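Please walk me through this model, starting from the chain as a whole and then moving to one helix and the elements packed around it.

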Amino acid sequence: MTSQLIHSHFRATRIRNGGLSGCDCFYLNFVFIFAIYRRIPHRMNKENKEHIKPYGKKQPQFDRRYLEMARIWGENSYCKRKKVGALIVRNKMIISDGYNGTPSGFENICEDEKNRTKPYVLHAEANAITKVAKSNNSSEDATLYITTSPCMECAKLIIQSGIKRVVFSEKYRNNEGLKLLERARIELVHLDI
Ligand SMILES: [Zn+2]
């Protein structure tokens with residue numbers, strides 16, 4: 001269609017100007033195609049960005065609010081040493097939530113008799129991600145709001161689940177998880193709440 005338009009344009013120009021050489025035609029076609037190619041990736045990037053950060057200029061404000069909601073959600077945790085809350089948001093919708101705790105069907109006690117966290121306690125983000133897996137939702141291009149930055153194990157889950165942004169407030173005791181997320185080019189946002 002576009003090509004037909006160009007050629008009809010050149011036919012008209014040729015009539016007016018008494019003819020264009022094949023060389024001119026090739027050059028102008030090249031300029032036109034180059035202009036289109038330059039625009040397509042730009043537009044796709046812009047759409048992608050809007051898709052991942054749909055609130056535009058208000059994104060920082062919404063990031064903070066969602067993170068505050070994640071903190072409140074973490075209060076549901078029955079763990080005594082630390083309470084962590086997580087939310088997964090995609091296209092302006094909360095598609096999942098989680099807090100740290102033992103797997104379904106286990107006793108609601110996170111610590112052993114020496115007050116150490118039991119090895120099978122699930123982290124808040126792992127609970128939120130696995131909850132998406134049980135639903136009809138997809139976490140592709142979603143944002144994870146988490147009160148404590150992810151550990152290495154959770155960082156792997158985040159990468160594999162297609163999450164593209166992680167907004168967190170407190171830093172986990174080691175930053176291996178954050179380093180891995182950085183390597184996977186996942187946007188990290190640290191907010192004090
Ligand atoms: Zn973790």
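**From the whole chain to helix 5**

Among the contacts in the protein chain that join residues at least 6 apart in sequence, 50% are between residues at least 24 apart. The model is a predicted one, and its secondary structure comes to six helices and five strands, which follow one another from the N terminus in the order α-α-α-β-β-α-β-α-β-α-β. Of the 193 residues in the protein chain, 29% are buried.

A good place to enter this arrangement is helix 5, which spans residues 152-160 and has Cys154, Ala155 and Ile158 as buried residues. When the helix is viewed down its axis, the buried residues of helix 5 fall within an arc of 105°, and they therefore line one face of the helix. The cover over these buried residues includes two helices, helix 4 (124-134) and helix 6 (176-183), together with strand 3 (143-148) and strand 4 (165-170). Just after helix 5 ends, Gly162 adopts a positive phi of about 85°.

Consider next the two helices that take part in this cover, for which a general description is useful. A pair of packed helices is described by the distance between the two axes and by the angle between them.

For helix 5 and helix 6, the axes come within 7 Å and cross at roughly 25°. Because an angle under 35 degrees counts as roughly parallel, helix 5 is roughly parallel to helix 6, and the crossing of the two is right-handed. The residues that meet here are Met152, Cys154, Ala155 and Ile158 from helix 5, and Glu176, Gly177, Leu180 and Leu181 from helix 6. Sorted by class, this contact of helix 5 with helix 6 has six nonpolar residues, one polar and one charged.

Within that contact, Gly177 deserves a separate look. Gly177 belongs to helix 6, and it is buried because 24 other C-beta atoms lie within 10 Å, where the cut-off for a buried residue is 20 or more. If its neighbours within four places in sequence are left aside, Gly177 is in contact with Cys154 and Ala155, with Met152, with Ser149, Pro150 and Cys151, and with Tyr172. Gly177 can also be placed relative to Lys156, which is 21 residues away along the chain, with 8.0 Å separating the two C-alpha atoms.

What, then, is the geometry of helix 4 and helix 5, in terms of how their axes come together and cross? The axes of helix 4 and helix 5 come within 9 Å and cross at roughly 25°, which means that helix 4 is roughly parallel to helix 5. The crossing of helix 4 and helix 5 is left-handed, whereas that of helix 5 and helix 6 is right-handed. In the contact itself, Glu125, Ala126 and Ile129 of helix 4 meet Cys154, Leu157 and Ile158 of helix 5, and these residues divide into five nonpolar, no polar and one charged.

Helix 4 has buried residues of its own, namely Ala124, Glu125, Ala126, Asn127, Ala128, Ile129 and Val132. These buried residues of helix 4 pack against helix 5 and strand 3, and also against helix 3 (59-74), strand 1 (85-90) and strand 2 (93-99). Strand 3 thus appears in both settings, since it packs against the buried residues of helix 4 and is among the elements that cover the buried residues of helix 5.

Definitions and conventions:
Residues numbered from 1 in each chain as written. Predicted model: local features only at pLDDT ≥ 70, side-chain atom pairs only at ≥ 80, totals over all residues. Buried ≥ 20, exposed ≤ 12 C-beta atoms within 10 Å, placed from the backbone. Helix = DSSP H or I, 4+ residues; strand = E, 2+ residues; numbered from the N terminus. Arc of directions from axis to C-beta. Contact = placed C-beta atoms within 7 Å. Axes fitted to C-alpha atoms, helices over the stretch in contact; angles between N-to-C directions. Parallel < 35°, antiparallel > 145°, perpendicular 65-115°, else oblique. Left-handed = near helix turned anticlockwise from the far one by under 90°. Nonpolar A, V, L, I, M, F, W, Y, C, P; charged D, E, K, R; others polar.
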